[in-house]
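New to this one? Let's go through some labels and ask what earns each of them.

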Amino acid sequence: MIYELRIYHCVPGRLPALMKRFETITLGIWEKHGIRQAGFWTTLIGESNQTLQYLVQWESLAERETKWNAFMADPEWIAKRAETERDGAIVAKVSNSFLQPTGFSSVK
């Protein structure tokens, strides 16, 4: 099992719009494509309170490539994303890393 850590750095003031998009749109489309989230977080104390961080769980990098590409090309996602950004961009930058649990991790 591998985990993808994705960090969305929002345009100032747009974090609520990003969170609403995940809750009401993105997660449903992910479900259709078999994408499994492992948790979402906002920053309570830290560098920026304008970030959303989440983990996606994958069996392999091949699974990630297949499912993520299908999601990104999904006409519903493309249309809904454009609709949510009609008042301007929500995300300024996305960072991601692929994480592998250690043998002593409570997460496997």
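What follows is a run of questions and answers about a predicted model.

Q: What makes β2 and β4 the edge strands of the sheet?
A: The open sheet has four strands in the order β2-β3-β1-β4, with antiparallel pairing. β2 (36-42) and β4 (91-99) each pair on one side only, and that puts them at the edges. On average, neighbouring strands of this sheet are turned by 20° against each other, direction ignored.

Q: How do you know that β2 and β3 count as paired?
A: Two strands pair if there are at least two bridges between them. β2 and β3 (residues 51-58) have six, in the antiparallel sense. Among the facing residues, Phe40 stands opposite Tyr54 in β3, and Thr42 has Leu52 of β3 as its bridge partner.

Q: What makes β1 and β3 a pair too?
A: Here the cut-off is again at least two bridges, and β1 and β3 pair over eight, also in the antiparallel sense. As one example of residues facing each other, Glu4 stands opposite Val56 in β3.

Q: Why is β3 called largely enclosed by the rest of the structure?
A: Because six of its eight residues are buried. Leu52, which sits in β3, is a good case: buried means under 20% relative accessible area, and Leu52 has 4%, so it is buried. Not counting residues up to four places away in sequence, Leu52 touches Arg6, Ile7, Tyr8, Leu15, Leu18, Met19, Phe22, Phe40, Trp41 and Thr42. With Tyr8, the C-alpha atoms are 5.2 Å apart in space, although the two residues are 44 apart in sequence.

Q: What makes the pair Lys32 and Asp74 a salt bridge?
A: The N and O atoms must come within 4 Å, and for the side chains of Lys32 and Asp74 the N to O distance is 2.7 Å. It's one of nine salt bridges found in a search of the whole structure.

Q: How do you know that this pair links distant parts of the chain?
A: Look at where the two residues sit: Lys32 is in helix α1, Asp74 is in the loop between α2 and α3 (75-84), and they're 42 residues apart.

Q: Why does Asp74 count as buried?
A: Its relative accessibility is 6%, and the cut-off for buried is under 20%. So Asp74 qualifies.

Q: How do you know that Glu59 and Arg36 still make it as a salt bridge?
A: Their closest N and O atoms are 3.9 Å apart, and the limit is within 4 Å. This pair also links distant parts of the chain, with Glu59 in the loop between β3 and α2 and Arg36 in strand β2, 23 residues apart.

Q: Why is Arg36 called partly exposed?
A: Its relative accessible area is 27%. Partly exposed lies between under 20% for buried and over 50% for exposed, so Arg36 belongs there.

Q: What about Lys67 and Glu63: buried or partly exposed?
A: One of each. Lys67 has a relative accessible area of 22%, so it is partly exposed, whereas Glu63, with 13%, is buried. Their side chains meet in a salt bridge (2.8 Å, N to O). Both lie in helix α2, four residues apart, about one turn of the helix.

Q: What makes Arg36, Glu59, Glu63 and Lys67 one network?
A: Salt bridges that share partners join these four residues.

Q: Why are α1 and α3 called roughly antiparallel?
A: Over 145 degrees counts as roughly antiparallel. α1 and α3 pack at an angle of about 170°, with their axes 11 Å apart, and therefore get that label. The contact is made by Arg21, Ile25, Thr26, Ile29 and Lys32 of α1 and Glu76, Trp77, Lys80, Arg81 and Thr84 of α3.

Q: Which residues have the most contacts inside the largest nonpolar core?
A: They are Leu18, Phe22, Trp30, Ile35, Tyr54, Trp68 and Phe71, in a core of 18 residues. β1, α1, β3 and α2 each supply at least two residues of this core, and α1 gives the most, with six. Leaving aside neighbours within four places in sequence, Trp68 is in contact with Arg6, Trp30, Ile35, Tyr54 and Trp58.

Conventions: Residues numbered from 1 in each chain as written. Predicted model: local features only at pLDDT ≥ 70, side-chain atom pairs only at ≥ 80, totals over all residues. Heavy atoms only, no water. Axes fitted to C-alpha atoms, helices over the stretch in contact; angles between N-to-C directions. Buried < 20%, exposed > 50% of the residue type's maximum accessible area, 1.4 Å probe, protein only. Core = buried A, V, L, I, M, F, W, Y, C linked by side-chain atoms within 4.5 Å. Contact = heavy atoms within 4.5 Å. Parallel < 35°, antiparallel > 145°, perpendicular 65-115°, else oblique.
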